[in-house]
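User: Please pick one part of this chain and look at it closely. Then connect that part to the rest of the fold. Keep it brisk, and give cut-offs as you go.

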Amino acid sequence: MPTVQIEVRQQYSQADEEQLLDSVFHCVKNAFQLPDYDRNIRLVVHEAHRFQYMVHLAQPEYFTLISIDCFAGRSLEPKRKLYQQIVESLGKLGIPSDHILIHLRESPLENWGIRGGQAACDVNVDFNVEI
């Protein structure tokens, strides 16, 4: 049940936005072995002057920040797989690999309130976090 936020510095077409959202969702789903229904992802489009970037970027309009909040417990290997899949997938959309920054934040299950206000540690979440 990760929550994902993608932040960009330019307006894309609706079709491109949907492809961006779907690409990142499928990478998270595959790397973390999540069910298909577990989709919580959003896209934030900033005006370029409101979203500063690292000055060495050749095409700053493509700078893309992806923040993923998830349950703690996954090993390093699925995280590496996730990072690589996201960069490869967004590369197919024309976003340079060195213009993508991925920030993964993990927190214990007891720090998530889900399914009507229950602590996630008290709920069967239907997938394995410890992969």
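Analyst: Aspartate 126 lies in the segment after β6. Strands here are DSSP runs of E, at least two residues long, and helices are runs of H or I, at least four residues long, both numbered from the N terminus. The model is predicted; local features need pLDDT of at least 70, side-chain atom pairs count only at pLDDT 80 or more, and totals for chains, interfaces and linings use all residues. Residues are numbered from 1 along each chain as its sequence is written, and side-chain values use heavy atoms, with hydrogens and water left out.

Start with the backbone of aspartate 126. Its phi is near 70°, a positive value in a residue other than glycine. Aspartate 126 is partly exposed, at 48% relative accessible area. The scale is as follows: buried is under 20% relative accessible area, exposed is over 50%, and partly exposed lies in between, with a 1.4 Å probe and protein chains only.

Aspartate 122 also belongs to the segment after β6 (118-119). Aspartate 122 counts as exposed because its relative accessibility is 60%. How far apart in space are aspartate 122 and lysine 29, C-alpha to C-alpha? The distance is 22 Å, with their positions 93 residues apart in sequence.

Glutamine 33 offers another positive phi, near 55°, and is likewise not a glycine. Glutamine 33 sits in the loop between α1 and β2. Its relative accessible area is 52%, so glutamine 33 is exposed.

Now the helix that comes before that loop. Serine 23 is in α1. Serine 23 is buried, with a relative accessible area of 14%. Setting aside neighbours within four places in sequence, serine 23 is in contact (heavy atoms within 4.5 Å) with Ser89, Leu90 and Leu93.

Next, the sheet. Four strands form an open sheet in the order β2-β1-β3-β4, with mixed pairing. β2 (41-45) and β4 (100-107) are at the edges with a single partner strand each, so one side of each has no neighbour in the sheet. On average, neighbouring strands are turned by 15° against each other, direction ignored. Two strands count as paired if DSSP finds at least two bridges between them. Strands of a sheet pair through backbone hydrogen bonds, either parallel or antiparallel.

The pairings of β1 show both senses. β1 (residues 3-8) and β3 (residues 64-71) run antiparallel, joined by 6 bridges. Valine 8 has threonine 64 as its bridge partner in β3. Helix α1 (residues 14-32) packs on the sheet and touches β1, β2, β3 and β4; its direction makes about 140° with that of β2. Helix α2 (residues 76-91) also packs on the sheet, touching β3 and β4, and makes about 150° with the direction of β4. For these angles, axes are lines fitted to C-alpha atoms, for helices over the stretch in contact, and values run from 0 to 180 degrees between N-to-C directions.

Back to β1: valine 4 stands opposite isoleucine 68 in β3. With β2, β1 runs parallel over 5 bridges. There, isoleucine 6 has leucine 43 of β2 as its bridge partner.

How many of the 6 residues of β1 are buried? The count is 6 of 6. In a regular strand the side chains alternate between the two faces of the sheet. Thr3, Gln5 and Glu7 lie on one side of β1 and Val4, Ile6 and Val8 on the other, and both faces are covered.

Then the cysteines. The whole structure contains 0 disulfides (a pair of cysteine sulfur atoms within 2.5 Å). For cysteine 27, the nearest cysteine sulfur is that of cysteine 70, 15 Å away. Cysteine 27 is buried, at 7% relative accessibility. Cysteine 70 is buried too, at 1%.

Finally, the whole chain. It has 2 helices and 6 strands. The order along the sequence is β-α-β-β-α-β-β-β. The radius of gyration is 16 Å, close to the 14 Å from the globule rule for 131 residues, so the chain is as compact as a globular protein of that length. That radius is taken over C-alpha atoms, and the rule is 2.2 Å times the number of residues to the power 0.38. The C-alpha trace spans about 45 × 30 × 25 Å along its principal axes. Buried residues make up 44% of the 131. Of contacts between residues at least 6 apart in sequence, 76% join residues at least 24 apart.
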